[in-house]
Structures are given as structure tokens and as C-alpha cells.
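Grab a pencil and work through these exercises with the viewer open. Each one sets a task and then walks through a solution.

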Amino acid sequence: MQLVFVQFMTGLASAASLFLVASGLSIIFGVTRIVNFAHGAFYMLGAYVAYTLTDRFTGAFGFWFALLAAAAIVAIVGCLLEMTLLRRIYQAPELFQLLATFGVTLMVQDLVLLIWGPEDLVGPRAPGLAGAVEIFGKRIPSYDLFLIALGPLVLAGLWLLFHRTRWGVLVRAATLDRSMVAALGINQKWLFTGVFGLGVFLAALGGALQIPRDAVNHGMDLRIIVEAFVVVVIGGLGSTTGAFVAAILVSQLNAFGILVLPKISLVLVFLVMAVVLVVRPWGLFGTRPPPAQASIGMAVRPWRPLAPGEIAVAAAVVAAVALMPLWLGHYALTVASEILIFVLFAASLHLLMSVGGLASFGHAAYFGLGAYGAAFVVKAAGLPMLAAIAAGPLLAALGAAVVGWFAVSLSGVYFAMLTLAFSQIVWSIAFQWVDVTGGDNGILGLWPDAFAASPAAFFWLTLAVVTPALVWLHMVIFSPFGYALRAVRDSELRAEAIGIDRRRVQWIAFVIAGTAAGLGGALFAFLKGSIFPDVMAIPTSVDGLVMVLLGGVETVLGPIVGAVVFKALAMWLISQTDYSKLVLGAVVVALVVAFPKGIVGTLADWRDRLTARRGAGPSDAEASADATAAEPPAGTMAPAPSPATVAGRTRP
Amino acid sequence: MTRLLDVENLAKSYAGLAAVRHVSFGLDRGEILAMIGPNGAGKSTCFNMLNGQIRPDAGRIRIDGVDTTSLPPRAVWRKGVGRTFQITATFGSMTVRENVQVALMSHGGALGRWFGRADTRGRDEADRLLALVGMAADADRAAAELAYGDLKRLELAVALANRPKLLLMDEPTAGMAPRERVGLMRLTAEIARAEGIGVLFTEHDMDVVFEHADRMMVLSRGLLIAEGPPETVRRDPEVRAIYLGEGLVYDARHQEARADASTSGPQPEARA
Amino acid sequence: MTHKLAVANLNAYYGQAHILFDVAFTVAPGEVVALLGRNGAGKSTTFLSIMAMVERRSGTVLFEGDDVSRLPTYAIARRGLGFVPENRRIFADLTVEENLMVGRQAPRPGAPGWTPETLFALFPNLAEMRKRPGGRMSGGEQQMLTIARTLMGNPSLVLLDEPSEGLAPKIVEQMAAAILTMKREGLAIVLSEQNLHFARLISDRAVILEKGRVRFSGSLAELEARPDIRDAYLAV
């Protein structure tokens, strides 16, 4: 009983920091619609800066000053980031901003390493709160009691701020309709900067408050960001009360999970989140979100299948790629095979994300399931490689069928989070079910059959599997089913009103995408000769998102280009520099700013502008304007669009 | 012979607040029925129950003798109900023609196919429907860039794709210019009478209502307070008090529209 | 200063498309001008262009003699140019009082001053639901709230986009009465309308737009005398 009490108090104390971080995340998302992936990085920075400052400023006053100053300094950094980076990309699709903040996270990870070194740092105890208080015969650290009291105080403070001050009401109004707020005479630029600063301040304070309890380390950011996402989603996006309740719930689950259910302690939180989302899709305290300004993948440029000429070009590209073993060395071929595999992975995610409008944050789970499926077939049944490559995706398909069934009842950020939760569950199973999966040691010795043992042969095999799979995905996009999928993405209301079963269509797309990813995973297992749980961890899922967004989410060929560029860049950087994350992060950020529509999307825009300029003079612009804005008087013949208009506006 | 639409005792409340209170009405083939009433009278709720978006608490809906109460929208559609929305709902990333093609493919049960190109399916039929609503010249444009009035016409073409028996139109002419309103409703009426389609529509523009409705029903606070031919309903003092007002903002215009319709030449249907 | 608002050479674009072509019109202090024209003629785009809410535009917008065309949206609104958008755009989770609070600006010399209480007198329906969230109001009540919200900024001129759209005839009549009261207080108003009869009840002058160009500009009496114009552009 006493142990239970101690764990309970520890859980409550941990909840304080988590609540600060999660409420900041929620507030920022509410107003700016940015899913701030860098929030964990700010938390970590808050802790590191506080460590340095507490070193300088000692004594009771110095310590508390250092914590607040650390949070303020990081908040200023956050404001600068908002002003220099985010302001440029508010108009971009929602997930694109996630990509930018992900780039920032990568950069911060290496910067922290550069400034503070790789060792864990232990901060000072809080002056005056270093001792413990005896409650029910157990000694509870005074600092924990302080944190337990702090949580409700911050909650009350935020409530007063948002309901009793004009600034708070403006923030809530901006959450609902940003441009309307500007039309009422409010400078929304500074409102956004202020909100971002407040959110970052809360995160950094959360980090700074942790230093008397835990060592400061550079794994802090990813751990907290995942937990904060979970808290925000369980509590309901935009609800600070929800974040508070969910932070306590999650912290208690963490505290007691180890005690009661050690076998599934890692899964427990995600399991609860999955249950909450299935039962209450918008979280415990959330309300149905307003429809997104533009759903992802919504292209104004209607898609067209490849024209015969373009098919010839594609075939020539494949032929050229097939000739690569003639001039590439062993290592380069292995890299090339890996890139091909990730092209398939990105293309499978693209089907779900661009065509279906469903951005999965846990797509790596099906990649990993495919890999483990193949490994089981080899290890348990002793079947040859080709049979394993064929069978592996079946496990992925099964997983996708189960997860997809639940996930497609949600959309937007909630869909993203539920898929993330399920992927964490799958990862935890692989990690903790040591008897079957080997746990952290993975499954080793998955070597290709003799005929594909050389890097060149395996490259050809990969190409021979990936190419038809890509062609098939492309065909699906332009099949009647692909139209149904785009239809439910564009307008669920209209789709249901013309007899389309949204859930069914999206579920099938989920299974197709999962199966294709699983095929990539099966190839990956044989490429590496082994398989570890990390392959289905969050970073792989994020890589997939980055590839699709980088290539251009509104385009058909984007994922292929995005995967090649991203994967090649990442692998090249690792070989060139110790600070590959810093460079990669900077490159991602730069690409987001320079190519807000992704590489392929930007290229298509350039081509359009070129054809428009070549096609006709100023009269062209006017002709298309008439077609867009004004209608012919009823009763007269509609003017036939000029050839230039057709060329300029409707070509893919 | 059974009526095309037969609604009995339809009721719905939200959190204890009655939105629609035991409303009964019917509609015949080829008939055009207008549902009017103040904002918040329960018209939208009624509409959404008819096409299955909202499950009624009580009552029964029969379409052509078939009970469709509580069926989801996609099932109601398969029973022959086409619908247009107050705020248009189209597939913005597709071309105008593709919007109609998707509806045709759905009607033909082809949307489950993973193979074969979709953009060649039902092209001619789609073009025929687009010509019918005067949108043939816009077939290759993206729906996202259409002007509002054109979106309304596209919605009508989509709603006609399953050869419906019943058309539900929620404020079909909202946001349109006066002559466009007359044009769209005249077109609808023509199609409805030619094919024997029943039309139920809500509308705030009394010119459109008085011009095109065969019959009117008036909802207020979820209750059916008046029903009958436009001339009768128009004179009803209760309807005047709660909805029509002094007649300052429609009467004169209505007279003009009438005169205009009977004398002036150009017909919107000629566009195609 | 003769004009409250003078728009000249206004051009606007969406992406590659050119929407407005050299739109020009003026509004005198205390005057009500109706912007007429069919759907897609460019009425809403004109308002959004004046408020700097479109992607790309050029031209001059003189408000009380100053060129505001280079200013951001909020700064234009701060000068006393109020905007009531189409579709109301009420803050659905905020109460009536909070919605009004968002619109609040300091009183302005030379412009009628409004408080929540005077606005509740103008729109009595709103007075009965001060604590109600905007999302749980009927269309007519929301339309009143969106106008009241803009008036809280004590503007000297208001752009009203389609104030009668989607409202029951009786509510439209109430709206006309409220707009006439606003006019009596000395407010200049530009409204875009499809309902010519409603426009007739409240406007002094009319500007007709067609395909992004001004086709007619004059008093309502002049417009009545030109059935050819009405037939060509308004198609009543």
C-alpha cells in the first residue's frame, strides 16, 4: 500500500512537467495549426540552459531565477524561430510545418551535442526543497510536492489568461478563424509570435523543472515529444484541462505500468490512447475540430496518368537504373538497393496520405511487420528467400487490416496519432516479446539465397520487385478505386451522398498501403541480413513522411523523387560528417522554405509558368480570369475556353 | 399507387431540445415542394433525416414504398435519392467531368475496381449530363476553381447521375444572382416534370419559391404550421407574421421576375 | 476631404487568374453604396482587396485621404475601416460577449461610438443570449452578431458582404432597419448584394460590377431610369 502511494506521488510529480509541455504544444497547435515537432527540443534546451545557469547562479534566489531565465531565453529563441522560419510557411499545408519543425529538432540534437557534449549532466537540488516530507510513513521529496502543487496552479493561471484577459480571448478567437481576427484590427503576426513564445516558455520551463529530479540528456526531446503528443490527443487538442487530466493519467500509467504489468509497460500508454481515441475520437475533453483549411493532397492541378511519352521516359529511367551495377561498386549498390526499398515505402505512404488524405505517423509498423513476417518464415518454417519475400507482406496486411479498421474512423491529426500509437504498440511487442522476436537483439542471419547473394544480383532482385509494385500503386491511383479514395478525401459529405462507403474505401487503401510497405520491409530484412525493432520505431515513420512531403504531397511522382533525394542525402551526410543531423535538419528546413510544394510540385509550377508565358501574351491571363471569376450572362452561349486557357490551367 | 415520398411523424431532438416535432408530409412524382421557415426552424434537420445524415428519433420515411428510415446516406442514394447541399460539396481536385464520372461509376457499382483506367468510364454519359445543366464547356476544368453558380449546376448534374426518383435540394439558389436562380430552378423543374422526379427544396428566396413550387410547407420551431399551394400559404397570417414579414424584400421583385419570365427571350437552358 | 473612401485602379489576382480590372469607386461620408452584380462578378474580391486579404493586388485605396493599400489587414481595420465578411465567420466557441470583445477598439473621433449595450439595443435578439456560444445561434442571429462585432471597432465606414444572404424575409427586413439606423448614426456603408430590392431599401448609390470591371456607377434613381443596364448586368 505504501509503495502504491509513493508511486502515485511520483506519478503526480512527473505529470507537472508533462502537463507544461503538452499544454504548450496544444496552445501552439490551436492558434497556428502547427504540430510543433520541435517542442521536445525546446523542452530539452530548457533543461540544458537551466543546467548551465544554475551552475552560474547559486543560492536560493539564483536557482529559481536560473529556471525562469532558462525558460525565458528558450522562449525568445522560439519567438525568433517563429519570426524567421514559421512565418514564411503558415500558408503551406499543415504537415509541411511539421516537416520544418522536425528539421529544427534534428538540428537542435546536434547543437546540444556540440555545446554540452555527449555526457548526462546532473543538476543541483532545489534550494530549500532538497529534503523530504513524511506522509503516511513514507518520505516524499519536497520538490515533488512542489511540482504536484505547481500543476493545478499553472492550469488555473492558463484558464484565467484565456478566459479573463482580452489577449486570451483573442487567442481563442484566432484558434477558430485567424484571418477574421486580423480583419477586426488585431495584428495576428504578433499574436502568433506571442502564442508560440508562451508555448515554448511552458515547454522550456517543464524541462528546466526536471533538472533537480533527472539527469539532463539528449534523448529527452524525443521521449517527451511522443508523450506530449499522447497527452494532447488523449486530453483533446486545444483543451488545457484535457492536457492536465491526460498528463496525470499518462504519468500514473508510467508509474504503475512498471509495477503491475512490466511485460507491457511500454505499450500501456499507447494502448490507453488507442482505446480513448476509439471510444472518444476527439479526446476526453476535445470537441470535433473545425475542418482543416485545406486537406493534404488536395491538388488544384487535376491528376493525369502518365502519357505514352512519359511512360517511355519512365521505362528508360528504369532501364538506366538497371544498368547501374555495371559501374557502381558493392557499397554503392547496397545503398542503391536501400534507396529503392524506401522509394516503395514512400510510395505506399503516398497512396494513403496524398490520395487518401490520411497522414499516417506510424507507417513504419507495416514496413517492420513485413520484415518480421519474412524473418519468421525463414526461421520458423525454413522456407527460401523468395517465399519469405512473398509471405512477409501478409503479416503487414494483417496488421494493417486490424489497425486500419479502427484508424479510419478518425481523420487529420487524430488519425495521425492513432496510427502512431498502434505503431508504438507493434514496436513494443517486438521489443518486449523476446521469446519470439529476440527483443532488442533482433533476428540475425537472414541472408539472401545464393542466386541473389552478390550486391548486384540483390539490387536487380530489388528492382524487379519494386518496379512492378510502383506500377501497380500508380494503376490503383487511376483506377475507379483510386477515384473513390480521392472522392472521400475531397468531400466525405458528397462521397457518402453518392453511395460511397468512406470507411470501407479508406480501410482498403490502408491495407493496400500497409501491404506495399510490408513488401519493402521484407526486402529490407534480406538486404541487411537481420532485423531489429528499431526499424519500425518513430524515426522510420517520420522519414517516410519527410520523403513524401519533400517530393510534393500534391503530386503523383513526388514520393519517388522525395525518397531518392532524402535517403541519398541522409546516407551521404552520415559518411561525410559527424554532425549529419545538423546538416540534414538545415537542408530539410531550407527545402521547406525554398520548395513549399515539394520538389516535384515546385518543378510542375515552374513548367506551368513557362508554358503560360510561351503559350500567349497578356490576353491569356485575362481569358482564364474570365473563366474563373465571372460567368457569362445567363441566356448567352458560354465562351469556349481558348486553347491557351486549356493549356495553362488544366494540364497536370 | 403509393406516393413517391411519404413522411410520417418525423421527430428529432438534440440534448432535449426538439428540432423537429412529429412532422408528416408527402410528395408525388413530378411534383415540386418547397419547405420554408425561419432560420433554425428545423428545415436542415428534416433534410438531413431524409437523406440519412441524421437518424430520426421517431417517425418513418418511405420512398416509393420502401422504408428508408435510419439508412445511411449512401444507402438512401441507392434507393434513388439525389441531393445538393446548401454549401456545395464537390470533389475539388477532380475535373468537372470526373466529378460526374465518379457518381456514374458509383451508380454502376464500378468503384471497387483496382484495375483499369477510370477516366474513360462513362465519359459520354457524363458529358450528356453536363450538357443538360449547361456545363459542357467546363468539363475539363478543376472543380476547385469553379464559380459558385457553376458549382451548383455541377451538383445538380452529380445528383442526376443515379437517375433519381427524388431530388433533395437544400437552398439550391443561395448565393446566386437573380436570373441564375430562375435559370437553375426552371431547368430543375423541366427535368423533374420530364422524368417524373419529385423535388423537395428549401429556399429563402420567395421569388424562386412562388415561381416554381407546386406546393409549399412551412416549418416553425420544428412544427409544420402551414401547407398548401403558394397562393394560399402566402396569404396565411401566421406565416406572414413569423416568416414572410411585410413583403418588402421579395414581393415587387417577384412580380418583375414573373413578368420577365413570360416575356423576355433568352432561356438559360440554351447555354449548352 | 470629400471622400470617405476612394478606390482607384484596383486589380486583384488569385494565382495566375486576374480577377479585378481597374475597379474604381468612391464613398462620401455617411453614404450607403450598394455594390451590385451577379455572383462571381468580383464583389467579394473587391472587399477582400480593400482589406488586403487577397494574395496579390495593385491600385490605390484612399481611406479618409490616406493611401492604405500598402498596409496589412489589421492596420487597415485599425484606421476605422470595418469589414463584415460573407458567411458571417462567427467565432463559434466564443460567447456573444466574447465575440464582441474581439472586435473592440478605442473610440474614434468623427465616427459613431458603440458599446455592447448600444449594440444590444440595435439588435435586441442578441441581448437575450449574451453568454451563448456563437455556434449555437441561428443564421439570422449570427448575421446580427457579425455586424455588431465589427461595429465594436467604432468604424467610420463598414464593408458589408451579402448581409441578407440565406436569411428569412422577415429577418432581412430587420436587417434593413438596423442598417438604416447605422446610417443615421453617421456611418458610411458599402454593401454587396444580390437582392436588389433589399439594396433599394437602404442605398443612396449603386456600383455595378461585371467580370471584375465597373460597368455602372450612379444614384439609385439613375439606375431605375436605365432598364438596359439592369437587364444587362443584374438580370432581375
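**Exercise 1: the contact of chains C and A**

Chain C and chain A bury about 2800 Å² between them, 60% of it on carbon and sulfur atoms; buried area is the accessible area (1.4 Å probe) that two parts lose on being put together, summed over both. This is a predicted model: local features need pLDDT of at least 70, side-chain atom pairs count only at pLDDT 80 or more, and totals for chains, interfaces and linings use all residues. Residues are numbered from 1 along each chain as its sequence is written, chains are lettered from A and ligands numbered from 1 in the order written, and side-chain values use heavy atoms, with hydrogens and water left out.

Task: work out how many residues each chain brings to the contact, and what links them.

Step 1. Count the residues in contact (heavy atoms within 4.5 Å): chain C gives 33 and chain A gives 28.

Step 2. Look for salt bridges (a side-chain nitrogen of Lys or Arg within 4 Å of a carboxyl oxygen of Asp or Glu). There are two between chain C and chain A. One of them joins C:R89 to A:D177, with the closest N and O atoms 2.8 Å apart.

Step 3. Ask where chain C's side comes from. The elements giving two or more residues are strand 2 (17-27), helix 2 (73-78), helix 3 (96-103) and helix 6 (139-151) of chain C. Helices (H or I, at least four residues) and strands (E, at least two) are DSSP runs, numbered from the N terminus.

**Exercise 2: the sheet of chain C**

Task: trace the strand order in chain C and find the edges.

Step 1. Pair the strands (DSSP must find at least two bridges between them). Four strands make an open, antiparallel sheet in the order 2-1-4-5.

Step 2. Strand 2 and strand 5 (66-67) of chain C are the edges, each pairing on one side only.

Step 3. Check one pairing: strand 4 (residues 56-63) of chain C meets strand 5 of chain C in the antiparallel sense over two bridges, and C:F63 stands opposite C:D66.

**Exercise 3: the sheet of chain B**

Task: do likewise for chain B, then place a helix on the sheet.

Step 1. Six strands form an open sheet, order 6-7-8-3-9-10, with mixed pairing. Its edge strands are strand 6 (81-84) and strand 10 (223-228) of chain B.

Step 2. Strand 6 and strand 7 (residues 166-170) of chain B pair in the parallel sense over four bridges.

Step 3. Helix 5 (residues 148-159) of chain B lies across those two strands, at about 170° to strand 6 of chain B. Axes are lines fitted to C-alpha atoms, for helices over the stretch in contact, and angles run from 0 to 180 degrees between N-to-C directions.
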